[in-house]
Amino acid sequence: MPETKVTLTRLLTNKAGTFGVLAVNGVVKLITLEPPKAIVPPGQYKLRLRWSPRFKRKLFEVADVPGHTDVLIHPGNTIKDTKGCILVGLRKEGGAVLQSRKALEELHRLLGNSSAVLEVRNAQP
């Protein structure tokens, strides 16, 4: 079975954070939010499931991010909810991503336990 391709494309950075979209196999599924000063550098990364003691569940970890450790995709609404992880939501409103827990469940439903590659890119050249 081929690896699932997940793409995070950053669209906007402002004081509320860095917003983007997350596509699975080319279809946009989720909205993302990262703290602007701690974004994952553009590139390709393995996604792997890892137990999170904080969230008491398995979450996807973005593996081998240069200069960063413990980068997870987890629920949260604003950059106050993360120190350098990627938050996901079903929609953006103002400076927040909303319906974050539902978005995370959707990501887990789409990826299951399959191996995946995350490509991070900026929309601007």
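## Exercises on a predicted model

Arg 121 is partly exposed, with a relative accessible area of 38%. The model is predicted, and the exercises below begin with this residue.

**Exercise 1.** Determine which residue forms a salt bridge with Arg 121, and state whether that partner is buried or exposed.

*Solution.* Step one is to find the partner. Arg 121 forms a salt bridge with Glu 119, and the closest N and O atoms lie 3.8 Å apart. This falls inside the cut-off, because a salt bridge requires the nitrogen and the carboxyl oxygen to be within 4 Å. Step two is to classify the partner. The relative accessible area of Glu 119 is 17%, so the residue counts as buried, the limit being under 20%. Step three turns to linked pairs elsewhere. Arg 48, Arg 50, Glu 61 and Asp 70 are joined into one network by salt bridges that share partners.

**Exercise 2.** Find the residue whose side chain is joined to that of Arg 121 by a polar contact, and describe its surroundings.

*Solution.* The side chains of Thr 9 and Arg 121 are joined by a polar contact of 3.2 Å. Next, place the residue: Thr 9 belongs to strand β1. With a relative accessible area of 14%, Thr 9 is buried. Finally, list what Thr 9 touches. Leaving out residues up to four places away in sequence, these are Gly 20, Val 21, Arg 121 and Ala 123.

**Exercise 3.** The structure holds 9 salt bridges. Take the pairs Glu 34 with Arg 10 and Glu 106 with Arg 109, and set out the sequence separation and burial of each.

*Solution.* Start with Glu 34 and Arg 10, whose closest N and O atoms are 2.7 Å apart. This pair links distant parts of the chain: Glu 34 sits in strand β3 (residues 27–34) and Arg 10 in strand β1 (residues 4–14), 24 residues apart. Glu 34 is buried at a relative accessible area of 1%, and Arg 10 is buried at 3%.

Now take Glu 106 and Arg 109, which meet in a salt bridge of 2.8 Å, N to O. Both lie in helix α1 (residues 100–111); they are 3 residues apart and therefore separated by about one helical turn. Glu 106 is partly exposed, with 21% relative accessibility, whereas Arg 109 is exposed, with 57%.

**Exercise 4.** Describe the largest nonpolar core, and say which element gives the most residues to this core.

*Solution.* First, the size: the largest nonpolar core has 25 residues. Those with the most contacts inside this core are Leu 22, Leu 47, Val 62, Ile 73, Leu 111 and Leu 118. Second, the contributors: two or more residues come from each of β1, β2 (17–24), β4 (43–52), β5 (57–62), β6 (72–74), β7 (86–89), α1 and β10 (116–122). Among the elements, α1 gives the most, with 4 residues. Third, consider Leu 47. Setting aside neighbours within four places in sequence, Leu 47 is in contact with residues including Val 6, Phe 60, Val 62, Ile 73, Leu 111 and Leu 118. Another core, of 7 residues, lies apart from the largest one, and Ala 16, Ile 31, Leu 33 and Val 97 are among its members.

**Exercise 5.** State how much space lies in the largest pocket, and identify the lining residues closest to its centre.

*Solution.* The space in the largest pocket is about 280 Å³. Its lining has 17 residues, and the closest to the centre are Arg 54, Asp 70, His 74, Lys 83 and Cys 85. The elements that give two or more residues to this lining are β4 and β6.

Notes: Residues numbered from 1 in each chain as written. Predicted model: local features only at pLDDT ≥ 70, side-chain atom pairs only at ≥ 80, totals over all residues. Heavy atoms only, no water. Salt bridge = Lys/Arg side-chain N within 4 Å of Asp/Glu carboxyl O. Buried < 20%, exposed > 50% of the residue type's maximum accessible area, 1.4 Å probe, protein only. Polar contact = N/O pair within 3.5 Å; in protein donor to acceptor, adjacent residues only side chain to side chain. Contact = heavy atoms within 4.5 Å. Core = buried A, V, L, I, M, F, W, Y, C linked by side-chain atoms within 4.5 Å. 1 Å grid on protein atoms, 1.4 Å probe; cavity = no way out; pocket = protein on both sides within 12 Å on 5 of 7 lines; lining within 4 Å. Points joined across faces, edges and corners; volume = space filled by probe spheres on them.
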